[in-house]
Amino acid sequence: MKKIKNAIPNTITCLNLFSGCIACVMAFEARYESALLFIFLSAVFDFFDGLAARVLQAYSPLGKDLDSLADTVSFGVAPSLIVFSALDEMNYPSHLSFAEPYFPYAAFLISIFSALRLAKFNNDTRQTTSFIGLPTPANALFWAAFVVGMQDCLHASYFHPCCMLILIGLSAWILVSEIPMFSLKFKSISWRKNKVSGIFLLGCLPLLAFLGISGFAAVIVWYVILSLITRKNTENHS
């Protein structure tokens, strides 16, 4: 019975990895909507494997390592491949034609800094009730939703590829930054204790209603902005 109990969180983590692998295939095939769906599924499994481990008291070094490896694929490699494919399809101005074959490889900075973020999280005792730096699932969802929602814009001649490079650099930095970010875990029904999370969720509704799929990318930007606004409060509770 104990072996079965301990295997449940790891099985859910493997489902996270499986979904992440499918997201990678979808990205290779430029099926961005499907890639977004499987990254979202990975995020769901990532939430429930931790929940299952806490409820069942089934913690193990194996589970911790497996979780990081799965997250590296689902929230590091998968979004990198989405951005790689998007950069590969973009229209490059004539003065950048020499760099066109190489620009897409900048997307793998997302994988590198996601791996650094996960390693940092595993060894940072400050991140028990909140986060420091953008969580990798949030970053992955941003990129997948951004590429899906902005496909027409990305293919337009007026959208410069360097804009994507700037976004990649910003994304890489914020993953490993020292910016404290609040957790969405509700530990009580008290509004005072969950005010930041409540304000965040209320702000998400109009973004998703008016922006559609692009709204998911906007939600992540909103999360970062609100974390910056409530930075002192988050530091006091971490």
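Biologist: Which residues form one aromatic cluster with Tyr105?

Modeller: In this predicted model, ring pairing is judged from ring centres that lie within 6.5 Å. By this rule the count comes to 11 aromatic pairs. One aromatic cluster joins Tyr105 with Phe84 and Phe108.

Biologist: Is the pair of Phe142 and Trp143 stacked or edge-to-face?

Modeller: A pair of aromatic rings is described by the distance of the centres and the angle of the planes. The centres of the Phe142 and Trp143 rings are 5.3 Å apart. Their planes stand at 75°, and an angle over 60 degrees counts as edge-to-face. The pair is therefore edge-to-face.

Biologist: How many residues apart are Phe182 and Phe200, whose pair links distant parts of the chain?

Modeller: The two rings have their centres 5.7 Å apart and their planes at 70°, so this pair is edge-to-face. Phe182 lies in the loop between strand 2 (180–181) and helix 8, while Phe200 belongs to helix 8. Their separation is 18 residues.

Biologist: Is Phe182 buried or exposed?

Modeller: The relative accessibility of Phe182 is 5%. Buried means under 20%, so Phe182 counts as buried.

Biologist: Which helix gives the most to the largest nonpolar core?

Modeller: The largest nonpolar core has 54 residues, and Trp143, Phe146 and Met164 are among those with the most contacts inside it. Several helices each supply at least two residues of this core, including helix 1 (2–28), helix 5 (136–149) and helix 9 (214–229). With 10 residues, the helix that gives the most is helix 5.

Definitions and conventions. Residues are numbered from 1 along each chain as its sequence is written. This is a predicted model: local features need pLDDT of at least 70, side-chain atom pairs count only at pLDDT 80 or more; totals for chains, interfaces and linings use all residues. Side-chain values use heavy atoms; hydrogens and water are left out. A nonpolar core is a set of buried Ala, Val, Leu, Ile, Met, Phe, Trp, Tyr and Cys residues joined through side-chain atoms within 4.5 Å. Buried means under 20% relative accessible area, exposed over 50%, partly exposed in between (1.4 Å probe, protein chains only). Helices (H or I, at least four residues) and strands (E, at least two) are DSSP runs, numbered from the N terminus. Rings of Phe, Tyr and Trp (its six-membered ring) pair if their centres lie within 6.5 Å; planes under 30 degrees apart count as stacked, over 60 as edge-to-face and the rest as tilted.
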